[in-house]
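This report considers two metal sites and one helix. The reader is invited to examine the model before reading on.

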2 protein chains.
Amino acid sequence: MTKTFRRKLDFKAGRVDMSHGAGGRAMAELISSIFKDAFGNELLEQGNDQASFPTPSGGRMVMTTDGYVVSPIFFPGGDIGSLAVHGTVNDLAMAGAKPLYLSASYIIEEGFPLGDLKRIADSMGAAAKAAGVMIVTGDTKVVERGKADGVFISTAGVGVVPDGINLSGDRARPGDKVIVSGSMGDHGVAIMSSRENLTFETEILSDSAALNGLVDAMVAAAGPHLRLMRDPTRGGLAATLNELAHQSGVGFRIVEDHIPIKRQVAAACELLGLDPLNVANEGKLVAVVAAEAAEGLLAAMRSHPLGAEAAIIGEAVEDDQRFVQMTTGFGGGRIVDWLAGEQLPRIC
Amino acid sequence: MTKTFRRKLDFKAGRVDMSHGAGGRAMAELISSIFKDAFGNELLEQGNDQASFPTPSGGRMVMTTDGYVVSPIFFPGGDIGSLAVHGTVNDLAMAGAKPLYLSASYIIEEGFPLGDLKRIADSMGAAAKAAGVMIVTGDTKVVERGKADGVFISTAGVGVVPDGINLSGDRARPGDKVIVSGSMGDHGVAIMSSRENLTFETEILSDSAALNGLVDAMVAAAGPHLRLMRDPTRGGLAATLNELAHQSGVGFRIVEDHIPIKRQVAAACELLGLDPLNVANEGKLVAVVAAEAAEGLLAAMRSHPLGAEAAIIGEAVEDDQRFVQMTTGFGGGRIVDWLAGEQLPRIC
Ligand SMILES: Nc1ncnc2c1ncn2[C@@H]1O[C@H](COP(=O)(O)OP(=O)(O)OP(=O)(O)O)[C@@H](O)[C@H]1O
Ligand SMILES: Nc1ncnc2c1ncn2[C@@H]1O[C@H](COP(=O)(O)OP(=O)(O)OP(=O)(O)O)[C@@H](O)[C@H]1O
Ligand SMILES: [Mg+2]
Ligand SMILES: [Mg+2]
Ligand SMILES: [Mg+2]
Ligand SMILES: [Mg+2]
Ligand SMILES: [Mg+2]
Ligand SMILES: [Mg+2]
């Protein structure tokens, strides 16, 4: 995150509002003005989804954390337990790292059903096993009825970066291609539909999944041509591309018709008044790759189950203003901004 | 934690209650029946306050996590921000490790004052700096008003274990000496007094502090004679000694008159109906050391500011029943059990 986002927060009378957790500009400002200022160090300043550091005995490791407050706790295609593994595994994998160990901090509201807690823990354990990581340490706190909302889970993770891999959000260069691994918006729309009790011909499922297997295939295929990867979670593809534009000091041009979006998801977005580009994904990634390696990478992604619908959606361009511009279906164009305010509360 | 604690939880109709977060037997049962079952792996089974694993490039690292839900958020001697550093640094240090990197996951209630959030983050940053660790990654979630209680922080941490150090809760042997680093009960009593608006001649302050400096001095002094260390947090000294007795398969005999307790803390405990041995500490440790090295270790601890009041309080004994027995001030004896139920909610 660069200084560009800074605006003065009102520390006398200001209060946290839902936009500060929404993955857009307000959150970036809050993180920059409060947390980065207070914790200031070069590793946090890397501004990636994970911090990368040398281990005392050689080699590099990465560390990341996310809190999970999704509502409802059980949703079509997953639950807070599996999500708490996938989200953290993915933030490690986005560095090209092999995720190894997770921690799990549970904050539970008094009165929460033990059966539900077991179901969540079992789901979390199964997701960890499937992703090839171990949950090695944890913590359990209980707060009084009405002081939390069922259960919150914070997961941290560490992983090891293979020698020679060096991915970072500041590495996009003009001419590089932008690839997404599959359809946009499934997770957020699944949550919102279940919250609003919308039903469709076919149920919309969250895409929540661990991407480390796909990432291995990508690293093998593109090697040093791969510049960076990021998972478009809160704030969706729009927020991710804007973040990357600022970090790398480039613009992006993308083509609306090339962005995979499921028909049902597009329809639900219409109904809910959402733009699928702002909606969170939990099993998708955006990759930026040198142009000459793009087709090879795309082919490798498509032969993995989680990248079957991967698509090249655009490219990085020179742009001092770091805009994300999109050619629309009608041949027009528009700026894809990240949302200033709140759109989807408690999505992850 | 051993199978001894297992009791059948009612997964059909049972609900989480405050005792499940209190650091006593009910919490141990919950963790064992739900989380250890679901996540099952050898690292979690180590049963220590941190998990220890080899790094791919050689050497050993440790990882730990804690959630912080303390109420009030600002208390005499600290706040949730400094506590969230000290607690996690200490769980790493108890392995004899050098704490390196922390993550911080914030879950914030809508409407929380920005000024308070800044104060907490600044305190957290200052505590990290003082302890020589870096907060390298974080996350920020906001939930609706009434769905959390101000702010919760989950901190994870990693550290590196120096070659030749091998501390673990299962290493106490009959004849080993038990040392505490200072007075018991200060943190819990500071929180409870401020919650109940009790005032005393001199204010009771939390002992919240990072113990890694003290630990360095201890490792230097006792080397391989040091068997294990643990910080007596939730459940206090009583819970810690009972945990260690089970893990190591020994009993403990301690002497009440040798346990340092501040006069004010003892008085407040009387008033509040608390036993100081059940009360949480956040800047104290319990060490078990081979008898021949005990006096040397004690001297080293006493020359460190955070160990000035260190004392040998007893020893490990052979005991198939793994009891913690205490010679009382009146020359009698009693079993020091850990609490079955809830005593001090939201203490950390
Ligand atoms: N939700 C959980 N999932 C997995 N393991 C857990 C969970 N909660 C606790 N544990 C494990 O249980 C053991 C005891 O945890 P506990 O939180 O009591 O230790 P601590 O952090 O040293 O104490 P405190 O939290 O009071 O500071 C540790 O090995 C911890 O990793
Ligand atoms: N409370 C905080 N303290 C310190 N750093 C933070 C905090 N919250 C976020 N960050 C940092 O800000 C950057 C963006 O965090 P963000 O949570 O948006 O990333 P993400 O985890 O990839 O997205 P999501 O949480 O939606 O999955 C990261 O570098 C992260 O470490
Ligand atoms: Mg994330
Ligand atoms: Mg703990
Ligand atoms: Mg991410
Ligand atoms: Mg702890
Ligand atoms: Mg995050
Ligand atoms: Mg501990």
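Which residues are the protein donors of the magnesium ion (ligand 6)? In this predicted model, they are B:Asp66 and B:Asp91, each named for its OD atom and lying 2.1 Å from the ion. The pair joins distant parts of the chain, 25 residues apart: B:Asp66 belongs to strand β2 (residues 60-68) of chain B and B:Asp91 to helix α3 (residues 80-93) of chain B.

A second ion, the magnesium ion (ligand 4), has the protein donors A:Asp139 and B:Asp66. This pair crosses between chains, from A:Asp139 in strand β6 (residues 134-143) of chain A to B:Asp66 in strand β2 of chain B. The two ions are 3.7 Å apart, and B:Asp66 bridges them.

The table lists the donors by ion.

| Ion | Protein donors | Distance from the ion |
|---|---|---|
| magnesium ion (ligand 6) | B:Asp66 (OD), B:Asp91 (OD) | 2.1 Å |
| magnesium ion (ligand 4) | A:Asp139 (OD), B:Asp66 (OD) | 1.9 to 2.1 Å |

Are these donors buried or exposed? A:Asp139 and B:Asp66 are both buried. B:Asp66 counts as buried because its relative accessible area is 13%, under the 20% limit. B:Asp91, at 7% relative accessibility, is buried as well.

Helix α9 (residues 294-302) of chain B also has buried residues: B:Ala294, B:Leu297, B:Leu298, B:Ala300 and B:Met301. They lie on the same side of α9(B), because they cover an arc of only 165° around the axis. An α-helix has 3.6 residues a turn, so residues three or four places apart point the same way. Among the elements of chain B that cover the buried residues of α9(B) are β8 (177-180), α6 (212-222) and β12 (311-317).

Technical notes: Residues are numbered from 1 along each chain as its sequence is written. Chains are lettered from A and ligands numbered from 1 in the order in which they are written. This is a predicted model: local features need pLDDT of at least 70, side-chain atom pairs count only at pLDDT 80 or more; totals for chains, interfaces and linings use all residues. Side-chain values use heavy atoms; hydrogens and water are left out. Donors are N, O and S atoms within 2.8 Å of the metal (3.2 Å for Na, K and Ca); water is not among the atoms, so sites may look incomplete. Helices (H or I, at least four residues) and strands (E, at least two) are DSSP runs, numbered from the N terminus. Buried means under 20% relative accessible area, exposed over 50%, partly exposed in between (1.4 Å probe, protein chains only). The arc is that of the directions from the helix axis to the C-beta atoms. Contact means heavy atoms within 4.5 Å.
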